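Colleague: I would like to learn how to read the place where two chains meet. Could you take me through it, giving the general idea before the particular case?

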Amino acid sequence: MPLVPLGQMPRGACGIIAAIDTTMIHSHLPPAELERRLLELGMVEGARVEIRHQGLFGRDPIAVRVDCHATFALRRREASAVMVRLLAPEDAK
Amino acid sequence: MSYEALQQRPAATPSLTRIALIGNPNCGKTALFNTFTGSHQRVANYPGVTVERKEGRFLTPGGLELRVLDLPGTYSLRARSPDEEVTRDVVLGRLPGEEAPQLLLCVADSTNLRLALRLVLELRALPQPVVLVLNMADIARHRGITIDEAKLSAELGIPVLPAVAVRRGGTAALLAKLDELSHAPPPPCASGTGWAAPGPAELRALQREADRINALCVQRPTQPDTATTRIDKVLLHPIAGLLVLLGILFIMFQAVFTWAQMPMDLISNGFDWLGTLAGQMLPNGLLLSFLRDGVLNGVGNVVVFLPQILILFFFILVLEDFGYMARAAFLMDKIMGGAGLHGRAFIPLLSSFACAIPGIMATRVIDGKRDRLATILVAPLMTCSARIPVYTLIIGAFVPNRAVWGGLQLQGLVMFGLYAVGIFSALAMSFVFKRLLWRRTPTEPFLLELPDYKLPSPRSVGIGLLLRGKAFLRRAGTTIFSMMVVIWALCTLPRPPAGGSAPAIDYSAAAWIGHLLAPVFAPIGFSWQINVALIPGMAAREVAVAALGTVYSISASADNPGSLGHVLAGHWSIATALALLAWYVFSPQCASTLATIRRETGGWRWSALVFGYMFALAYVAAFATYHAACALGLG
């Protein structure tokens, strides 16, 4: 399966984090700081992520369940730093 | 034994006196703090900085007196904001004038240990011993999560104890442990290198280790919390969620305005009664005037808003405890983002409908300095309850009470319109500020945990209300009181000469200022009497109503606007009345708000900006309204 940025995944999609790459994200924070903030929310390589909810306008922000544990809200812009290997629906169960 | 009784015992010198609570957001840390300390807590600032310091005291069953510091919720000791820098420095003992805590209680939500374990692993590098508290142990058990505490303790190398902060007796084991530790303090787990801010590589390694320990010691059912999943299907639904949010806001405002009516009447009648009592006991003169018109009238006019503020905070605290406020921020982030505001600004702006002061203080939850400043700058534009008496008076006097458009009351519509203008201008101004001041910076990221829902604890809500009520009354008793004394003096001195026929206020310094300001305010249709009323309105907007009453030398108060309204309708043109309404939508004249902004931003610069831009808006709006109304023949 190819890698997809978390910020471009549709609602209900599920996958495993393959890498965090903040260098291309146009954010208020420096790339290294954004990387640390994402890591601090438990978004490390190997963790499972699933988009549970999304906002009405521009499908933004998104609510992401991380490692079946906790749910975090973030914007698609920052979420695009998280590269995800998608799971097929049958594997996601 | 009661706390007071124990204080009188001769003081021993226990080895353990200072502990601190640290933990992720939403771990129930504050509930634990409240359970420990009850109302024996004090909120102040750290020496020299405007960062909130929350400390309480309590006694363990073994008679150990402990001071406990509640540190703000965090995922890492790494400082991401000035507030977190202070937290880090306190823990590391680097802040001058502040002793480092001797023991850290790391509080964790038992149902959600993954990130807490990473924090614990990071804290192990500190010189202090750390104890892990598995809070909400009852909820974890209920959900079928089992935690092997012995194994967890062995893996982490620190004591691990379960706790249920919200239940009586739920902290017994923890308190007993504290007694035990005071006799035999555990050695620090630091390996000697000390704590350093973890970089990306360290964070990954720590999280991997935390995940290993988590898998080893925690058994979870395959299904996570189904109740939260089910509730979120509705509350976070793109359309239904927004409708529910609107419904909650509607109920909240209904409550603020209807439930509060009776206690507000009681308070204002109480102050009236005190004023009458003072009139009977003291001779007519300066002292009576000071007591009745200065002290009682001034403080009473502010204290009367206590019920509204408490009801609003009741809703905010309950929703926060339930876990809804993070969802509200999620739903509103995009909408507010369009105006350049952060999703987290939603709660502070909501509080500003009661009063801008708690609203501005609530902006502390916003991490980014610019997002926080933008929120502070526009919070005073939200229609606070102090504007209501002014609106009620003028609408009652000048807007005919008739039905329009099938049953809607015109007066109610105008009131609603004034609120709408306030909200709209707050959003518009924040958009302008973002463009003018911070054009080149992209917005700060929105990263927020959506915690599992849980039933609010009445005790925590009660203590939260008590603290907020106390803070409000303290302000009414100090800042606002001293302002009122100054304004009373301006309105009373110099005394009218013997045989003077005009009302006493015509001879006062306030009248002199009112005339002096006339050239400024005449173009927007204000008479000198209105100018005089604007001066006491500086202390608190609603005082302007009482001041108008004094100027037109009739006894009227905020809760009896009928008679004053009648007189005003005779004196003012409709254009003047509408201009005054427009003025009050924006009017910057609230000295306590400006003082709060100064305290929160650490300088007069931002207060001056707020005063300046709101004054300009108010003037332009009143000018436009006055001349438009005159052109329509209402002058």
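Modeller: Please keep in mind that this is a predicted model. The size of an interface is often given as the accessible area lost when the parts come together. Here we can instead go by residues in contact, and by that reading 32 residues of chain B touch 33 residues of chain A.

Colleague: Which elements give two or more residues to the side of chain B that touches chain A?

Modeller: They are helix H4 (114-123), helix H8 (200-217), helix H14 (324-337) and strand E12 (448-450) of chain B. By residue type, that side of chain B divides into 18 nonpolar, eight charged and six polar residues.

Colleague: How should I read the part that strand E12 of chain B plays, and with which strand of chain A does E12(B) pair?

Modeller: Look for bridges between strands: strand E5 (residues 70-74) of chain A pairs with E12(B) over three bridges, in the antiparallel sense. Within E12(B), B:Leu448 is the bridge partner of A:Ala73, while B:Glu449 stands opposite A:Phe72.

Colleague: In what order do the strands of the open sheet run?

Modeller: The seven strands follow the order E1(A)-E6(A)-E2(A)-E3(A)-E4(A)-E5(A)-E12(B), with antiparallel pairing. Strand E1 (3-5) of chain A and E12 of chain B are the edge strands, each pairing on one side only, and from one strand to the next the twist averages 40 degrees.

Colleague: Where does H14(B) lie with respect to these strands?

Modeller: H14(B) lies across strand E4 (62-66) and E5 of chain A together with E12 of chain B, and it runs at about 120 degrees to E12(B).

How values were computed. Residues numbered from 1 in each chain as written. Chains lettered and ligands numbered in written order. Predicted model: local features only at pLDDT ≥ 70, side-chain atom pairs only at ≥ 80, totals over all residues. Contact = placed C-beta atoms within 7 Å. Helix = DSSP H or I, 4+ residues; strand = E, 2+ residues; numbered from the N terminus. Nonpolar A, V, L, I, M, F, W, Y, C, P; charged D, E, K, R; others polar. Pairing = 2+ DSSP bridges. Axes fitted to C-alpha atoms, helices over the stretch in contact; angles between N-to-C directions.
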